[in-house]
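Hi everyone, thanks for making time this morning. Let's put the structure up on the screen and walk through it together.

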Amino acid sequence: AVVSTQSTGVKENRLRLMHQKFLDDIPFLAQEMFLADVQPLKDVEGGKEYFMEAITDRWLVAKVVDRSRDGSMRVHLWNCESEMPFSINRGLVENNFAAQVHELPGELTTDCSVYPSSINYTQSATSRN
């Protein structure tokens, strides 16, 4: 995922994609994130399934809105698999799985097309096993 340049101090044109051969030997690193500006609706079924379908095996960009004192981030999450990036946060609201708490961005300000959407990471991970 690409993080906001506001939170990292790194200029966006300095961000790079690591080649898969280097990622094979790097231990996995996870970061706790929460979707920004949305709140799950109670007693609504299907939200988890919708979310998992929207993110599983997808090319995603997470734009960091802010960071809490414990280091967790609040993000706007975008699916960049098509020519028009799709806001996961907005999709949850539009499909009545979440309520909008604050205004959601109308478009992604990072160009998803600079990232190779044709890489099959699932196949690469499977071939290593």
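Which pattern does the protein follow when read along the sequence? The pattern is α-α-β-β-α-β-β-β-α-β-α, and there are 5 helices and 6 strands. Helices here are DSSP runs of H or I with at least four residues, strands are runs of E with at least two, and both are numbered from the N terminus.

A quick word on ground rules. This is a predicted model, where local features need pLDDT of at least 70 and side-chain atom pairs count only at pLDDT 80 or more, while totals for chains, interfaces and linings use all residues. Residues are numbered from 1 along each chain as its sequence is written, and side-chain values use heavy atoms, with hydrogens and water left out.

Now the overall picture. The protein has 129 residues, and 28% of them count as buried; buried means under 20% relative accessible area, exposed over 50%, and partly exposed in between, with a 1.4 Å probe and protein chains only. About 9,500 Å² is exposed, with carbon and sulfur atoms supplying 51% of that; these areas come from the Shrake-Rupley method with a 1.4 Å probe, and for residues only the protein chains shown count as cover. Take the contacts (heavy atoms within 4.5 Å) with a separation of 6 or more: 63% of them come from residues 24 or more positions apart.

On to the charged pairs. How many salt bridges does a search of the whole structure find? It finds 2, with a salt bridge being a side-chain nitrogen of Lys or Arg within 4 Å of a carboxyl oxygen of Asp or Glu. One joins R58 to E53, with the closest N and O atoms 2.9 Å apart. R58 is partly exposed at 33% relative accessible area, whereas E53 is exposed at 52%. The other links the side chains of D66 and R74, again 2.9 Å from N to O. Here D66 is partly exposed at 32%, and R74 is partly exposed at 28%.

Next, something for the pocket fans: the second largest pocket. On a 1 Å grid over the protein atoms alone, a pocket is an open set of points where a 1.4 Å probe fits, with protein on both sides within 12 Å along at least five of seven lines, and lining residues have an atom within 4 Å of a point. This pocket holds about 340 Å³ of space, a volume being the space filled by probe spheres set on the points, which are joined across faces, edges and corners. Its lining counts 16 residues, and L35, V38, P40, F51 and L92 lie nearest the centre. Strand 1 (33–35), strand 2 (38–40) and helix 3 (47–55) each give two or more residues to this lining, and helix 3 gives the most, with 5. By class there are 13 nonpolar, 2 polar and 1 charged residues, where Ala, Val, Leu, Ile, Met, Phe, Trp, Tyr, Cys and Pro count as nonpolar, Asp, Glu, Lys and Arg as charged, and the others, Gly among them, as polar.

Last stop, the backbone. Most residues other than glycine have a negative phi. D43, in the loop between strand 2 and helix 3, has a positive phi of about 60 degrees and is exposed at 82%. D57, in the loop between helix 3 and strand 3, has a positive phi near 55 degrees and is exposed at 57%.
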